[in-house]
Amino acid sequence: MASVKLLKDNRVTLVDELEDHIELILEEMVQRKEFTRDDCEVVKCESGPRMKVRKALDIVYCKGEDAANMFMFLYSQFKQNNPKPMPEKRETKHTGDYHKSIQKHKQALKRRNECMMYYNTRHGEKVSFSEHFVNLLLVKGHYNMEIKQHELLAFGQHRIQLQDKVVERTQIKPEQLFIDLKHRPPPKKILVTGVAGIGKTALVQKILCDFGSNSGYSTFDFVIHFTFKDLNLVNKPTNLRNLILRKNGHLSKVLDEIFENDDKLLIILDGFDEFKFCTRCDVEWFVSDPDQEADIVQICSSLLQGELLPEASVLLTSRPTVISQIPVECIDRFVIVTGFSAEEIRDFFLKYFQDEDLGGKMFDLVKINHLLFTLCYIPVFCYVVCSMLKESEGVSTVQPKTMTDIYTQYLTALLKSHTRSSSESATGDSGSIHELTESVVSLGRLAYTKLLQHETLFYGDNVDLDKVVTSNVVSAFLDKTTIQEPCSTVDVYSFTHFTVQEFFAALYYMLEESPSHDIRDSEVYLKHRASVGYLDLFHRFLSGLLSERNQKLLSKHILLRGTNTSESYIPWLLGEIKKHCESGAYVLNHLHCLFEQQNSSLAENVRPEKLFVNISDNPLSPMDLSVVKYFLNLVSGTIYELDLTATNISTEALRDLQPYLHRCVKLWLGENDLDVEAMQVLGEVLQSTDSKMQYLGLGWTNIGDEELTELLEPLRKNRTLKQIWIEGNSVGYKGLSKFVELYSKNTSLKVIAIWNNVNEEEAEKLKRESPVDFFTISFNDDSMWQGWGEWILQRCEVSNDEKLVSVIAKLCNPSGYNLSIGWVQQWYTTLGQLIRTRREHCHAEDIKRKLEKLEKTLHF
């Protein structure tokens, strides 16, 4: 087996065994000229011995097989010279208190979690998991660590149309999350990700309930559950012991024993995206003792990175929008929650309405509405849709067209009984609608302020909270919890779901003439550490609320003001879309905002000179796909570039986009898993008479000779294609040799096939058999590569700081290029200047540190 693969497969073991000896191996790597002194310095800059091992492994991966062989040799020598004694099986002689505490703790978890928390569950109303929990489909990501950080963002979220294809999914039952599935060490650090409302917290609650009921998870004696909502309330240094005892006082006598047997401990950290310090996890030093006091972010980072309780298992949940802030090198297994299948949506409806005929009728109403049905794969949206239908007694005459429409109709259905109709208000009694408006504004102000502060819990002494808790209709959107403090009890509130907070925050921004902190002001944005993607839903809700149809609907129930927002927002949005489409910057969320408007005439004001549509590096959901199609339908003419890199694009999605692919001059599909059917779709585009395609990118798509051959016949008929990039795949001499004949059909065509299954002898043979420069099998000084470098620089220049870090970490490793080539040296110099400029003007400390690390890694 290749050494690089062996190192990857055994990464967790290597970190455990080498954490106290990495500097010895580093010196040996330098002596044998596999590492430079600069490489050593990069490793030594890491905080903590385990991080040093991980960084050393990352560098070895990048250097390739020779370095990996040497590292494996040194590791084997180390093991011979330092024979590890038979693993001392930890003493299993536990005290009687330990065994009693296991049962007592399980009973507590079962009591707390046996009833599913619906978003508006009334006091005394219990919904048990056994009756109402609908199983969620979990799709595995990689079983162990991959070397490229960007791959974390590429893990797909299979949706309804894929979930009916058993062959295209892999189910992982919740109890399988922590076990070995491929004869490898069981994963210790697991990341569960999924979009807002998809069911991550419900999954956590089910794990806790099953553990408490002795239904699985027998490898653990104890499961400790933290939510980042609660952790946000910790505003002074503390330690892990105190954090655990806050809600688990019954463990005080056995906590030392639990720490000593941390291999039998599971710690759950739920809702990383709600953590107000999520952008600061790149900490400078770690905690190694449960009694060591530190800031909450240092304790959490130490748990994740194995510096604190290294043998404990940790389950982390998060929305995809902030996973770039997670130290990816510590994650052993990635899992995506994909939500409901079509059958599970129907099951949810039947259980919600508790009447098979009514539930079936409502489900049929929704199924014929493409938007509603697409959104229902997300459990929280499914719940909101059911609530809307129940309050409105069916789908209203105003058919919801967007996500904001659904939330607005849900809100107005609850407000309806608290407001008079417009005609009644006109008779003189407008006090009710005015009072309700003030309550909604107060609730919105609270939502907006706390959203900017990355907070989802608020104490009962908040002024805005006082104005709304007495309103029955508004308090329907808040959950109340009473917690015990040292000397008193305190009421703590949160919105029934984070998406509800984002909706009310947008509602406030729309209604307020002059928001106290205008998030569209760049200084305010930076001040509140609004990381990329954090406010995406807020902006979508805002755009939808400013649409004419929702303004009309809301005006029947609350007093609308804030006209300045409406007048300024639309020109700003259209200007941003035009700017992004001309520069090639990431544009998907702006397209979502345009979609929320549902006003096709607005597209007349978006006429870029050249249309670039960059939606790369994020998995596309069916809703995303609908939004992109909506936009491309509105803008006619040539699409100069469509970038679908690392979007987990499926064959079905490609087929759906096929009419637009004909208009593309450049189409980038790299870092997706493409099969034979996907290549057939591309073949149909290439051989069509109206195809404008000149550049096609298929790098790192797991294609081989069979898939590539599907393009052979279409390319015989195509006369427009100039370059096809198939780098980083499994294509061999057999597949490439068939393409030689294409040169006689299209003399401008080039095939870039570096990093495939072609050895030096085969590469020479291909060069002899084909015209000059038809095949590019290795990196060289060709002007084509210089153009590629200029394209990368252009993409870096239009990226925000966070995206810039991702792009550079992904593509710009010096060991992959020949630095003696003139343009490469200049390229790195220009890139270095860009990084330094961004670092000097960067206000986000976490991103600034990442930029500094990149400078050291890339030797600028």
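Strands β11 and β12 (residues 664-668) run parallel and are joined by four bridges; strands here are DSSP E runs of at least two residues and helices H or I runs of at least four, numbered from the N terminus, and two strands pair if DSSP finds at least two bridges between them. All of this comes from a predicted model, where local features need pLDDT of at least 70, side-chain atom pairs count only at pLDDT 80 or more, and totals for chains, interfaces and linings use all residues. Residues are numbered from 1 along each chain as its sequence is written, and side-chain values use heavy atoms, with hydrogens and water left out.

Within the β11-β12 pairing, Leu 642 has Leu 667 of β12 as its bridge partner. Helix α32 (residues 651-661) completes a right-handed β-α-β unit with the two strands; right-handed means that, with the strands pointing away from the viewer, the path from the first strand over the helix to the second runs clockwise. On β11 (residues 639-643) itself, four of the five residues are buried, that is, under 20% relative accessible area with a 1.4 Å probe and protein chains only, against over 50% for exposed and partly exposed in between. β11 also pairs with β10 (residues 612-614), again in the parallel sense, over three bridges, and Asn 614 sits opposite Asp 643 in β11. The route from β10 to β11 goes through helix α31 (residues 622-634), and this β-α-β crossover is right-handed.

Elsewhere, strand β3 (residues 222-227) is mostly covered, with five of its six residues buried. Six bridges tie β3 to the parallel strand β4 (residues 265-270), and Phe 222 faces Leu 265 of β4.

As for packing, the largest nonpolar core holds 160 residues, and Phe 349, Phe 504, Phe 631, Leu 698 and Leu 736 have the most contacts inside it. Such a core is a set of buried Ala, Val, Leu, Ile, Met, Phe, Trp, Tyr and Cys residues joined through side-chain atoms within 4.5 Å. Helix α25 (residues 498-511) supplies the largest share of this core, eleven residues. A separate core of 47 residues includes Val 234, Leu 265, Leu 269 and Val 287. Leaving aside residues up to four places away in sequence, Phe 349 touches several residues, among them Met 362, Phe 363, Val 366 and Leu 389, where contact means heavy atoms within 4.5 Å.

Finally, the cysteines: the structure holds zero disulfides, a disulfide being a pair of cysteine sulfur atoms within 2.5 Å. Cys 278 counts as buried because its relative accessibility is 0%.
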